[in-house]
Structures are given as C-alpha cells and as structure tokens.
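Reader: Hi! I'm new to this one, could you walk me through it?
Author: Happy to, let's have a look together.

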Amino acid sequence: SMTAPSPAFACDVLVVGGGPAAWAAAAACARAGLRVELLAPSPEPSWAATYAAWVDELDLDDLGDGVVRRRWPSVGVVAGAGGSRRLARPYAVLDNEALAGVLVTRAGEGGVVVRRGLAVGAVAERDGVSVATERGVVHRAVVAIDATGAPPALVRAAAAPAWQVAHGVVIPTPAGGIPGAVDGCLLMDWTAVAGEPDPQPSFLYALDLGDGRTLVEETVFAAARPLAASVLVRRLERRLAELDVPVGEVLATESVRIPMGLGAPRSQAVVGMGAAAGLVHPATGYSVAMSLRTAPRLADALAAGHRRGATPAALAALGWNAVWPADRRRVRALESFGLDAVSRMDQDALGTFFDEFFRLPDDDWAGYLSGTLSAAGVAALMTRLFRRAPWALRRRLAGGDPRSLLRALGR
C-alpha cells in the first residue's frame, strides 16, 4: 500500500490539463495505486481537434475498438514522380467522445478527484509541489504533471522552432472520391498548385469519413513562419478546382496549429506529459498515440518511486526518465536534425524526399513515424535514405543544422 501523503497534501499526483494526455496520465496513475487529482479549466473533456493515428500505435486490446471512429486499411501518398502510392498500413481517426469516456471512467474508478481551475504557476518545495490557479487557489501534491499542451503552463520549455498549420473543410463526399486517395484516405499529395504566388510548400490531406462527408485539408508540413490562413484557404480552393473536386456545401471547417521540432525538455520539478513534454512527433505533428503509450510507463515509475519513499525531486526525475528515456532523447535530436533539413526544402524537393522516404522498407518508415525506432535505428534509416537519394536531394539533406546532430549524439 502507498504511504499516505502528509496532511498538507490532498494527493500524491496532481495532473494539470484537460486533454487526452492529462486524462491518460491521471487514469494510469490511479490504476497504479496513486492518489490523484486532475486540475483543468473545464472538468468535462470536450476535444474539438481531429486526432489521427496508425492503428498499430493504439493498444485497442486495452482501450477497446470503440475509440476508433473510422479506420482505413491503406493510405495513399502522392509525392515526386512516383504518382500515387499505396501504403498498406491501417490508419485511424479517433472517436474523441469514446476515448474521453474510457479515460474518464478509468479515472473515476481509480478515485481521481477533479478540480476546476486554470494553472498559472508552480513552486517546488522540499516536500512537494504547489500549483496556483488564476484565482489564487493553491493545490499541493507530492509530484505534479503538466499536460497542458504547448506552450506548457508549468514546464519550462524552449519555444517551438517550427509550426505545422492547416486549413481544412468538411465537404459532401464527391462521387469519384479524392484523386490519389486509397481506400478513401490520402495521407499527403505534394503536387504543386498552379498559379500559386507564395512558394512555401504545402500538401493536401484528405479523409473520407464514411458518413457522406470528406475532410480535405491544406497543410504546411513545418515552417518557422507559417503561411497565413487566407493563403491556405485560397490554395485549398485552387487545388480542389484542379482536381475537379466539387466543394458544394462546406459542412465544417478546421484550423490546425501544431508546434513542431520541440526538443525533450530538461528534467525539472514539474513532470511534463503529452505536448507539454515535447511528445509531438517532429515528422507528423501527432502526439496522442505516443501520450497514450507513455502514460502507463510514467505511472509505473512514479508508483515504484513512491513505494520506495523517494523524495519529490527524485520522483520528478523518475517521471522525466519514464517520459524521455536516454535513447528517446537521442532519437529526438536526430528527428530534429531531419526536420531542420526537411523544413528548408521547396515543393519539388519535398515531393522527391517523401517519394524516397516511403520507398524504404515498411518497418523503417513506420517505425520512424511512430517514434518506436531506437537512436541506432533512426541513424541507420537516415544513412540509408541519404545513400538512396538523388544528388540534388542529398545536398539538401546535408543542409540540416549539424549542431542539432551533435546535440543528438551528446557531444
């Protein structure tokens, strides 16, 4: 059994945030036997974003198939001179309400106490952490987890070097589907849009949602100065016109702004989780599947430390090591090096790059996009890709900032 916290503490773990990462962490910590509180501005989760993942990244035996709203057995990619390519890797969009239901139910079963408030600061003390809300209420816990997204409310982290931005509309599914889509899913189409004055590259992402509606989204992969929303709107309209896709009625719109290239923050008194911990993948902008996978590891580390009577500082260090093991930190620096090189490319170079990338063995590109390769595996993949690339692309790949590579390798 756990040692009871001192009377000043309401809980062992205070999770700050209201998104999937926060609820996953709270549920996992409660499952591990810790006394947990969750602090969020709105205690009832309501997530508007479209969360996607590769099906093999999700532990559906644990979460249940109900958390998947729609799945596609394969996806299409249009890049470079290769035309449309089929990637036989199942892809899914999550059912936000169902996922929230699973996590909230688990948190409730584990006795998680939900508090309403917006966290604005944290102070590390000898025997725990105090988290203050905008109304001056102080919540104390042995250890605090910041899962407030990016930029984080409590974790000290560097600013994102790049952003992924997108403008999407949901339209009635066209009779012929979206050109280039496979099984109703188009992961990316890097075809340039004719007559577009802004040279910054972007791609089309499209999902047939299966209910007579299709999401089409113009996306900038990663840029230090993202395209204005108005440019994305215009480019999407032009692209759909070129593809002879009738828009008809716009049923819904979606705006996306995701921080890219976040490094692993330094270990500190408040443990990060989800996007607040930099878990956004630098090649995809995805973080939910990684957060769901990380939550049990984080909870087990904190519970084991708690049972040993570890100090709050030691618990925080154990938490950070669970979220960012040493090899994952090396992987992230390699990923950041790759992002740095790719974010400098123009439309043609990006098309060639992704054409070559998806020619790699499935396990290679899939492992890279899921963040499951070791640092040695990522380095081998990068070497293989460089050797296969045409000379013009090699020059661009070599243009990544070598300082980030040296940081990756801990030199």
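**A chat about the model**

Author: Let's begin with two helices: the axes of helix H1 (residues 20-31) and helix H3 (residues 96-109) come within 8 Å and cross at roughly 35°. Axes here are lines fitted to C-alpha atoms, for helices over the stretch in contact, with angles from 0 to 180 degrees between N-to-C directions. This is a predicted model, where local features need pLDDT of at least 70 and side-chain atom pairs count only at pLDDT 80 or more, while totals for chains, interfaces and linings use all residues. Residues are numbered from 1 along each chain as its sequence is written, and side-chain values use heavy atoms, leaving out hydrogens and water.

Reader: How do you pick out helices and strands?
Author: They are DSSP runs numbered from the N terminus: helices are H or I with at least four residues, strands are E with at least two.

Reader: Which residues make the contact of H1 with H3?
Author: On H1 they are Pro20, Trp23, Ala24, Ala27 and Arg31, and on H3 Leu99, Leu103, Val104, Arg106 and Ala107. Contact means heavy atoms within 4.5 Å.

Reader: Cool. Is helix H8 mostly buried or exposed?
Author: Nine of the eleven residues of H8 (residues 347-357) are buried, so the helix is largely enclosed by the rest of the structure. Among them are Leu350, Phe353 and Phe354. Buried means under 20% relative accessible area, exposed over 50%, and partly exposed in between (1.4 Å probe, protein chains only).

Reader: New topic: how many disulfides are there?
Author: The count is zero, taking a disulfide as a pair of cysteine sulfur atoms within 2.5 Å.

Reader: Why does Cys29 have no bond to Cys11?
Author: The closest cysteine sulfur to that of Cys29 is in Cys11, and at 10 Å it is too far for a bond. Cys29 also counts as buried, at 0% relative accessibility.

Reader: And what order do the strands have in the open sheet of three?
Author: The order is E3-E7-E4, with antiparallel pairing; two strands pair if DSSP finds at least two bridges between them. E3 (52-54) and E4 (68-72) stand at the edges with a single partner strand each, so one side of each has no neighbour in the sheet.

Reader: How many bridges join E4 and E7?
Author: Four, with E7 covering residues 91-94. Val68 has Leu94 in E7 as its bridge partner.

Reader: Last one: where is Gln268?
Author: Gln268 is in the loop between strand E16 (252-260) and strand E17 (271-272), and counts as buried at 8% relative accessibility. Beyond its neighbours within four places in sequence, Gln268 is in contact with residues including Leu154, Arg156 and Trp320.
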